[in-house]
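Trainee: I would like to learn how to read pockets and chain contacts in an assembly of copies. Could we work through them one at a time?

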Amino acid sequence: MASRIVPLLNRVVIRKLESQLKSAGGIILREKDDKDLQIGQVMKVGTGAMFDNGKTRDMLLKPGQNVLLPAYFGQEIQIDNEKFYIYKDTEILGVLE
Amino acid sequence: MASRIVPLLNRVVIRKLESQLKSAGGIILREKDDKDLQIGQVMKVGTGAMFDNGKTRDMLLKPGQNVLLPAYFGQEIQIDNEKFYIYKDTEILGVLE
Amino acid sequence: MASRIVPLLNRVVIRKLESQLKSAGGIILREKDDKDLQIGQVMKVGTGAMFDNGKTRDMLLKPGQNVLLPAYFGQEIQIDNEKFYIYKDTEILGVLE
Amino acid sequence: MASRIVPLLNRVVIRKLESQLKSAGGIILREKDDKDLQIGQVMKVGTGAMFDNGKTRDMLLKPGQNVLLPAYFGQEIQIDNEKFYIYKDTEILGVLE
Amino acid sequence: MASRIVPLLNRVVIRKLESQLKSAGGIILREKDDKDLQIGQVMKVGTGAMFDNGKTRDMLLKPGQNVLLPAYFGQEIQIDNEKFYIYKDTEILGVLE
Amino acid sequence: MASRIVPLLNRVVIRKLESQLKSAGGIILREKDDKDLQIGQVMKVGTGAMFDNGKTRDMLLKPGQNVLLPAYFGQEIQIDNEKFYIYKDTEILGVLE
Amino acid sequence: MASRIVPLLNRVVIRKLESQLKSAGGIILREKDDKDLQIGQVMKVGTGAMFDNGKTRDMLLKPGQNVLLPAYFGQEIQIDNEKFYIYKDTEILGVLE
């Protein structure tokens, strides 16, 4: 269902990943409840950020990437009983290869 | 009645949508009371945003679009017993196709 | 008496309108006490806003327009026993046609 | 004694006016104690404001003008047992013609 | 001893003046304890302010001038049992001629 | 495992160092518990910082450097039972040669 | 040991000076405990500050200078049982000749 969402500007739609996920790189994460879960997958990305002078830049992230989430910021949305989180791309800490 | 309102700058007039709305994409939303309702429809859009250097840019949204609303920001207005909410376009999380 | 006031920069002088006002567009507003009254009329406008680089821009509003007021910001002034409110034009939500 | 003061940058020296003052335009103001008094007269003006890029602009006000004071900001100074208030010109709400 | 201090950027070293000082213009000030004393003399000035774009500007004040002090900001320093205060030149309210 | 992390923008991944570490320069550090540990090693660096005008700059740090950590900012992440901290390069106090 | 520290950007490493220090100019300072000690010596300086537009500027201070410290900001670091403080050069009040 996330596919229907077109995030605005430099926002990204994230689905938080279960703790025992083996990412491509074989990373096993510590067990945490959903609120603190730090790893997520990019479902959708916005059209890009806009600078104060009106120019725009490309997104920092791509759909499908596993990412490290900050402790704050993300806004929870509930669609079709599925929970997603919306962040700005600049708030994401890093990508997990 | 929202049609009488011309939002200033990059503001948009939003009508919050009932929870069990099937958007074009067939999305069914979780039941919530009005305050937390996260989906709305764009009724009217402003003339565009103005940057610090005085230049302006086009609106990010168009009337008729279903949008994902942030948990904060929106200001409630009451006109002809109908409730609307005014946001800045940059505060809207995304568009629901 | 508001006519004596020349607002500075991009400020506007607003007189709040009674609740049951039929604007040009025939809009009837919900009954509220003065503090929450959301509709007002532009009595006077300033000379324009000034950007950080010193350039100025025209006002966003004109005397006589009915406008939607934000919940915060406006400063009350009392002149000749008449109550007016001073806002910056960027704080006004929209115009009621 | 205010004449000895040369305000710095875009500051202005204001003497608050008694409530029952008839300004040039014949305005009679509501009775208030000094703290809330909203009308004042410009005694002295600074040399002009300076923008972030170092350029300067002229003052917005001239000595002798009656002005509308904001509820906050002004700093009280006591010289020769006379009370004055110092504001930045951008903080003044408007001029009373 | 203040002569040994070279203030950095647009800072100035101020010595607060006793209350009953007759400045050049013959101004007699109200009696206040040191903390509230609003008049001071410029002892030393810095090399100038630096804008965000790296350009610099000259100081607004010169050693020897009597100045009006703001209620806040100044930082007290104690050198050789003499008390001085360090402000940024933009924080000083005005010069007393 | 930190090698799988690609920090975003000007972020760096830091592993805090035990207190009795002899750095290349033979520095012995004071015994502290993990929370206050001020020394860390750069494991991974981001792709560079982005200025408001969209231009980017190189990173200030390189993998392998020992660095002095600020008392605040760093965000703890837990991967494969190993604790790392993510900072922005501008938050790091200095490099220990 | 401070010599091993390379401060980042426009930071400086300061060692606070004992109170009864006779600086080159013969200044004797008031007795204070370490926390309030206002005089320090520059041990090391960073590579320079960076403006928002990416350009850099030289440092304002040089190693060996005695400086006046602000009441706030400095971050304490402990290396080899020696206490140092890290400030940004713009936070330092002035130089003691």
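**Pocket and interfaces**

Mentor: Let us begin with a pocket, keeping in mind that this is a predicted model; the second largest pocket has a volume of about 910 Å³.

Trainee: How many residues line the second largest pocket, and which lie nearest its centre?

Mentor: The lining of the second largest pocket is made up of 15 residues, and those nearest its centre are D52(A), D52(B), D52(C), D52(F) and D52(G).

Trainee: What does the lining of the second largest pocket look like by class?

Mentor: Sorted by class, the lining of that pocket holds eight charged and seven polar residues, with no nonpolar residues.

Trainee: Let us turn to the chains. What turn and what shift along the axis lay chain A on chain F?

Mentor: As a general idea, two copies of a chain are related by a rotation about an axis together with a shift along it. Here a turn of 51° and a shift of 0.0 Å along the axis lay chain A on chain F, with an RMSD of 0.0 Å.

Trainee: Do chain A and chain F meet through the same surfaces or different surfaces?

Mentor: The copies meet through different surfaces, because only 12% of the interface residues of chain A are also interface residues in chain F. The contact involves 24 residues from chain A and 22 residues from chain F, and about 1,900 Å² is buried between these two chains, with 61% of that on carbon and sulfur atoms.

Trainee: How many salt bridges, and how many residue pairs in polar contact, are found between chain A and chain F?

Mentor: Between chain A and chain F the count of salt bridges is zero, whereas eight residue pairs are in polar contact across that interface, both residues being at pLDDT 80 or more.

Trainee: What is found for chain E and chain D?

Mentor: In this pair, 24 residues of chain E are in contact with 22 residues of chain D, and the buried area is about 1,900 Å², to which carbon and sulfur atoms give 61%. The interface of chain E and chain D has zero salt bridges and eight residue pairs in polar contact.

Notes:
Residues are numbered from 1 along each chain as its sequence is written. Chains are lettered from A and ligands numbered from 1 in the order in which they are written. This is a predicted model: local features need pLDDT of at least 70, side-chain atom pairs count only at pLDDT 80 or more; totals for chains, interfaces and linings use all residues. Side-chain values use heavy atoms; hydrogens and water are left out. On a 1 Å grid over the protein atoms alone, a cavity is a set of points where a 1.4 Å probe fits but cannot get out, and a pocket is an open set with protein on both sides within 12 Å along at least five of seven lines; lining residues have an atom within 4 Å of a point. Grid points are joined across faces, edges and corners, and a volume is the space filled by probe spheres set on the points. Ala, Val, Leu, Ile, Met, Phe, Trp, Tyr, Cys and Pro count as nonpolar, Asp, Glu, Lys and Arg as charged, and the others, Gly among them, as polar. Copies are superposed by least squares on the C-alpha atoms of residues with pLDDT of at least 70 in both. Contact means heavy atoms within 4.5 Å. Buried area is the accessible area (1.4 Å probe) that two parts lose on being put together, summed over both. A salt bridge is a side-chain nitrogen of Lys or Arg within 4 Å of a carboxyl oxygen of Asp or Glu. A polar contact is a pair of N or O atoms within 3.5 Å; within protein, one must be able to donate a hydrogen and the other to accept it, and residues adjacent in sequence count only if both atoms are side-chain atoms.
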